[in-house]
Amino acid sequence: MVATLDWLLPAPPDFRAQLKALRADCGTDAPAATIEERLSSLALHQLDLNRLGQLARAGADWAAIQAAGAHGPALLARLRLGLIGAGTLDLLADAIAGSALRHRVLAEVVVGDYGSAVTDALNPASRLRSAGLDAVLLVPDHRMLGLDRPQLEKAAAEALVAAALETLSAMVAGLSEDAPAGVLVATLVPPLEPLFGSFDALEPGSVHAMVSAVNAGLVAMAASGRITLVDFARAASWAGLAGWHDDAQWHAAKLAISPDMLPLAGDMVARVLGALRGTSRKALVLDLDNTLWGGIIGDDGVDGIAVGQGSARGEAHLAVQALALALRSRGVVLAVCSKNEEATAKAPFTDHPDMLLRDEHIAVFVANWGDKATNLRAIAAALNIGLDALVFLDDNPVERAQVRRELPMVAVPELPEDPAHYARMLAMAGYFEAVSFAAEDRVRADAYKANAERAAFAGTSDMAGYLASLDMVVEVRPFDSMGRARIAQLINKSNQFNLTTRRYTEAEVAALETDRQAVGLQFRLADRFGDNGMIAVVILRQSSEATLEIDSWLMSCRVLGRRMEEATLAAIVAAARARSAATLLGRYRPSAKNAMVADHYARLGFEPVSTAEDGSSEWRLALAGWQPPELPMRFEGPMAELVAA
């Protein structure tokens, strides 16, 4: 189930023909978004290593074509990844690039020289470090680090583990200098063969124990922000160590991962790349009948559906609810999309004693007799997120097929007949992969539900009165260590309201905190419905003594329509005046998702400076005499007086 990625559809029998047709269309004037949606859709299948390689090469060829010509804004995020480590890595590179399309990333993978991982990492002039990379993936193993023989003297074992971690730390330090999006490190997969048996876990000099100690050191490095972890060790435990290791392949071709396991390994890396590039999914949309409970609520009634303890079927559906609730606790938004009468569909959420999910957990509840693709569009609009942020869980293969056909950007896991496996399929698919977990994530689902309540309340009043009634409070403060993780997360996840879509790692955000030529501003918003958390980030750079350039301006779409754009500009102007700047310079760089802010600077009173053929534009605002409009919010925090001045 795990090694074969059973949450994906089987590969189509005409895969080669579809790919050939797609390649032919790449040479036409077809829009980039259309080509890239087709690339991504082909990746949504159980592809063996051969097909992943074919798809990876098609993606690379398309990237070269698109870079050389005008096909419109790209749909997929871009990433140039270096790959070094133990053994032969070319097949892993194919698996990563092909799988990345599944997670809406067009990745180019540059493989280091065989057997030269340490040199590639430490030498600033190495071919790998000179390749203009965004990120690097380091895939070590116990043999590469000299951990393939037991050390039954405790001091010798500890020294060997320390030396391995020192080597990895030095490699990370070197690679970090040329990888602005960060260094990813795969955990070591322990060998299958035991020395003592179960006692291996207790004997510090066994290979198993030394590998575990090195992995613990990698976890500590990840916790400190030095690396991003790719947990190959856990993936191998899911699929089985006997399948992960193929001794014949190691001896013959120095493949550290069995070819049969490379599609899983590639997908594990691709999920993390998606999380780094902000393409992880944000919302889980749930069907009801035979998904959250067994039976048909309209026919069986609240008393007749199967959910809860006491029956295998009821417990299977309860496991789906438990997983949904756990995902919600870490920031995934929950919605319902059901063909039902609304009152009937809602009854179990209020009346069934064994239901874990309740009405307050659901941000948007849609139950009607319309088709599900149309309703998913409505849910995305209500949540103010893209369709490519949705995962749709439905037991009905007909409904799944209709959504896949009409909305290929929506993630739709394939489900088996037995509901006992539903929760595992959803969890293992990696749709909600994360590389950080900030305080705002814990309350995000509540924030989306509160936003839906705000929208409903807005219909009862004129807009000015509605905004005034919200009692909005904006807190503006410079970048700091407390907000650093969330700032980096917003920068890398925000796609729609994002003027330049520049990406910065947490380490780069930390560097901005002390950069005297830069100003970083973080914005929080609270109102009478609750705390929205951090909702906007701005990075300013001193381009000349009199001019501040707006390097990045991004905002959560949850607060659109509440005049936060104007409030943010007021804070930007205040920061610029504090530096005696006379002019603000803003740039818009179009992407497949940020068309909504194409006229952002024009709406705020900036004057146009230039417009390029690709739609990029430059704007200027003279600060002399500029005054903020009357706004329906008040400012708090360390910059409140500066903004009000």
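This briefing walks through a few helices, strands, cavities and single residues of the structure above. Keep in mind that you are looking at a predicted model. One strand here, S13, is largely enclosed by the rest of the structure, while another, S17, is hardly covered. There is also a cavity holding about 500 Å³ of space, the largest in the model.

**Helix H16 and its two sides**

- Let's start with H16, which covers residues 397-406 and has Glu399, Arg400, Gln402 and Val403 as buried residues.
- Those four sit on the same side of H16, because they cover an arc of only 165° around the axis.
- What do the buried residues of H16 pack against? They pack against strand S9 (333-339), helix H15 (372-383) and strand S11 (390-393).
- Turn to the face that looks away from the buried side and you'll find Pro397, Val398 and Arg405, which are exposed.
- Val398 also shows up at the start of the helix: its backbone nitrogen has a side-chain oxygen of Asn396 within 2.8 Å.

**Strand S13 and its partners**

- S13 runs over residues 518-527, and eight of its ten residues are buried, so this strand is largely enclosed by the rest of the structure.
- It pairs with S12 in the antiparallel sense, over six bridges.
- If you want a spot to look at in that pairing, try Val474, whose bridge partner in S13 is Leu525.
- S13 also runs antiparallel to S14, with nine bridges joining the two.
- In this second pairing, Gln522 stands opposite Val537 of S14.
- How many residues does the hairpin from S13 to S14 pass through? The hairpin joins them through two residues.
- Asn532 belongs to S14, which spans residues 530-544.
- With 3% relative accessibility, Asn532 counts as buried, since the cut-off is under 20%.
- The side chain of Asn532 makes a polar contact of 3.5 Å with the side chain of Asp527.

**Strand S17, out in the open**

- Now for a contrast: S17 (residues 607-611) has five residues, and the count of buried ones among them is zero.
- S17 does have a partner, strand S18 (residues 617-622), and the two pair in the antiparallel sense over four bridges.
- Within that pairing, Glu607 stands opposite Arg620 in S18.
- The S17 and S18 hairpin has five residues between the strands, and Gly615 takes a positive phi there, near 95°.

**Empty space inside**

- How many cavities of 30 Å³ or more are there? The count comes to four.
- The largest cavity has about 500 Å³ of space.
- A total of 35 residues line the largest cavity, and the closest to its centre are Lys282, Ile385, Tyr448, Lys493 and Ser494.
- Helices H18 (439-458) and H20 (484-493) each supply at least two residues of that lining.
- H20 gives the most to the lining, with four residues.

**Asp441 and Ala93, two buried helix residues**

- Asp441 is placed in helix H18.
- Its relative accessible area is 2%, which means Asp441 is buried.
- Leaving aside neighbours within four places in sequence, Asp441 is in contact with Ser329, Arg330, Gly331, Ser436, Arg486 and Gln489.
- Asp441 and Arg328 are 113 residues apart in sequence, but their C-alpha atoms are 9.2 Å apart in space.
- Ala93 is in helix H4 (residues 90-102).
- At a relative accessible area of 6%, Ala93 is buried as well.
- Setting aside its neighbours within four places in sequence, Ala93 is in contact with Leu83, Val109 and Val111.
- Ala93 and His208 are 115 residues apart in sequence and 27 Å apart in space, C-alpha to C-alpha.

**Positive phi outside glycine**

- Lys254 isn't a glycine, yet its phi is positive, near 55°.
- You'll find Lys254 in the loop between helix H10 (247-253) and helix H11 (262-276).
- Is Lys254 buried or partly exposed? Lys254 counts as partly exposed, at 26% relative accessibility.
- Asp471 has a phi near 55°, again a positive value in a residue other than glycine.
- Asp471 lies in the loop between helix H19 (463-469) and strand S12 (472-478).
- Asp471 is partly exposed too, with a relative accessible area of 47%.

Key: Residues numbered from 1 in each chain as written. Predicted model: local features only at pLDDT ≥ 70, side-chain atom pairs only at ≥ 80, totals over all residues. Heavy atoms only, no water. Buried < 20%, exposed > 50% of the residue type's maximum accessible area, 1.4 Å probe, protein only. Arc of directions from axis to C-beta. Contact = heavy atoms within 4.5 Å. Polar contact = N/O pair within 3.5 Å; in protein donor to acceptor, adjacent residues only side chain to side chain. Pairing = 2+ DSSP bridges. 1 Å grid on protein atoms, 1.4 Å probe; cavity = no way out; pocket = protein on both sides within 12 Å on 5 of 7 lines; lining within 4 Å. Points joined across faces, edges and corners; volume = space filled by probe spheres on them.
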